[in-house]
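I'm opening a fresh page for a structure I haven't looked at before. My plan is to jot down what I look up, one topic at a time.

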Amino acid sequence: MNEFLSLRTGKRSAIFREPFTHLGKNGHKFILYFFIGLITVESQLTTRQVASALQVSESSVKRWCDAGVIPTVRTVGGHRRIPLDGLLEFLETTNRQLVRPEEIGLTIPASRMGIETRLPEENTEDVSEATHLLRAKFEEAVVAGDEKACRRVLSQWFAIEQKFSKLADELIAHTFHRLGEMWSCQTLEVYEERRGCEICTQLLYELRRLIPEPAPNAPLAVGGSPEGDHYSLPSQMVEIVLRECGWRPSNLGINLPLKTMATAIRRSAPKMFWLSVSHIEDTEFFLRSYREFCDLIPKETVIVLGGRALDDRIRPHLKYTAHCDNLQQLARFATAMHGGDYNLKASTN
Ligand code: B12
């Protein structure tokens, strides 16, 4: 591990330089595995980093490490190191938030953390292979119901990308689409799918803690899923994306009559309302309730729609401000709006 750590400071040890001179046909694959291994190690934090991120004393962090409250590993030299997934677990069990996430590098581009990341953004063959590898690990862990392994992959991805919207679209949604395929081919038991959802729900709550609390004067967004729609992951992820974009989101939940959502809007006057629709039980009923809903809410409410059920046949019958196919589009829209560039009185179609 010390050799890995020395890589970060630019002093590559001979042990790790050597294999690269002997790379065979599958050399690029080897390098990828190597970097992914490195990312795990780079995700191990010092007690000082964690103390700064939590804004507590280093001695408190050391005490929590020694008491087993923070999952800790030791270096060969006996120093405490905290894996990112261990920190997530600690935040969850103690109901804490990171006060200064930048102290553990979460707002610093990965390229400046000394990691030679070859994951996402750049569209090279290696990139898709690395992404593919993490996806495969995640899928395996979700299907197996292995929460720890799921947490590990999520934190590896997040440590590199640091953009929740991308993680949501390219890892979580992708995996659940795959589970859907497995389910329809009957290679996945219903309980395996449900257990996977439970694990992801839990881990999303943990991940949310890595994103600082919204400022009290941040613009408010409320949303959820309509009556008959029992899909919870999409709105849970919308909430985190909006939080990441500097909004103050409030997820009203699933299976909610649109009428009660209209009441929530009239009471709290949010700048944005989101509706995630994954399942429509009765199209006529949905369209009628939606029309009534639009009549009940202030005209200037920005309505953002998303979800697999809002296809090209349904959308032309709905009034809304924006529709997004995925959460990265939502992030761009929400950032633009928050930046003041967007006319809040934008006409609905
Ligand atoms: C898990 C799951 C369930 C769980 C959900 C549990 C939970 N706690 O959420 C439960 C048990 C409820 C369920 C039930 C059913 N399910 Co189901 N389910 C799935 C599965 C495997 C994953 C869904 C999921 O969470 N995906 C992850 C999300 C994040 O991805 P996403 O929906 O694509 O969302 C993305 C975008 O749409 C967008 N987005 C979504 N919402 C929003 C909102 C905004 C504002 C924005 C900007 C963007 C946005 O961003 C997201 C990220 O990229 C899917 C497979 C699939 N392809 O998705 C089947 C699937 C959707 N289910 C299916 C079916 C048939 C059903 C049932 C009808 C089964 C039944 N006979 O009872 C019921 C209907 C339930 C209901 N009334 O709501 C079918 C639908 C087939 C079809 N042609 O419509 C699928 C595709 C499985 C399959 N391959 O056959 N399901």
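Here are my entries, from the overall picture down to single residues.

**Entry 1: the overall picture.** First reminder to myself: this is a predicted model. I counted up the secondary structure and got 14 helices and 8 strands. The protein has 349 residues, and 35% of them are buried. I also looked at contacts with a separation of 6 or more, and 73% of these join residues 24 or more positions apart.

**Entry 2: the parallel sheet.** In what order do the strands of the 5-stranded open sheet lie? I read off S5-S4-S6-S7-S8, with parallel pairing. S5 and S8 (322-323) sit at the edges with a single partner strand each, so one side of each has no neighbour in the sheet.

I then zoomed in on one pair. S4 (residues 220-226) and S5 (residues 248-256) run parallel and share 6 bridges. To get from S4 to S5, the chain goes through helix H11 (residues 233-244), and this β-α-β crossover is right-handed. I noted two of the bridge partners: Val222 goes with Ser250 in S5, and Pro226 goes with Leu256, also in S5.

**Entry 3: the antiparallel sheet.** There is also an open sheet of 3 strands, with antiparallel pairing and the order S1-S3-S2. Its edge strands are S1 (44-45) and S2 (73-74), and each of them pairs on one side only. I checked how S1 meets S3 (residues 80-83): they are antiparallel and joined by 2 bridges. Leu45 is found opposite Ile82 of S3. A note for my own memory: strands in a sheet pair through backbone hydrogen bonds, in either the parallel or the antiparallel sense.

**Entry 4: the two sides of H12.** Which residues of helix H12 (residues 258-268) are buried? I found Leu258, Met261, Ala262 and Ile265. They lie on the same side of H12, because the arc they cover around the axis is only 105°. On the other side of H12, I found Lys259, Arg266, Arg267 and Ser268 exposed.

Next I asked what the buried residues of H12 pack against. The list is S4, S5, strand S6 (272-276) and helix H13 (283-296). Just after H12 comes Ala269, and I wrote down its positive phi, near 45°.

**Entry 5: around the ligand.** How many residues surround the ligand? I got 33, and the closest are Gly180, Pro234, Ser276, Gly306 and Cys324. The elements giving two or more residues to this shell are H9 (164-184), H10 (190-208), H11, S6, S7 (302-306) and H14 (327-338). H9 gives the most, 10 residues. Sorted by class, the shell holds 16 nonpolar, 12 polar and 5 charged residues.

So H11 turns up twice in my notes: in the crossover from S4 to S5, and among the elements of the ligand shell.

**Entry 6: Lys163.** Where does Lys163 sit? It is in the loop between helix H8 (147-161) and H9. I counted 19 C-beta neighbours inside 10 Å, and since a residue needs 20 or more to be buried, Lys163 counts as partly exposed. I also looked at Lys163 and Glu244, which are 81 residues apart along the chain, and their C-alpha atoms are separated by 8.1 Å.

Key. Residues are numbered from 1 along each chain as its sequence is written. This is a predicted model: local features need pLDDT of at least 70, side-chain atom pairs count only at pLDDT 80 or more; totals for chains, interfaces and linings use all residues. Helices (H or I, at least four residues) and strands (E, at least two) are DSSP runs, numbered from the N terminus. A residue is buried if 20 or more other C-beta atoms lie within 10 Å of its own, exposed if 12 or fewer, and partly exposed in between; C-beta atoms are placed from the backbone. Two residues are in contact if their C-beta atoms, placed from the backbone, lie within 7 Å. Two strands pair if DSSP finds at least two bridges between them. A crossover is right-handed if, with the strands pointing away from the viewer, the path from the first strand over the helix to the second runs clockwise. The arc is that of the directions from the helix axis to the C-beta atoms. A residue is near a molecule or strand if its C-beta atom, placed from the backbone, lies within 6 Å of it. Ala, Val, Leu, Ile, Met, Phe, Trp, Tyr, Cys and Pro count as nonpolar, Asp, Glu, Lys and Arg as charged, and the others, Gly among them, as polar.
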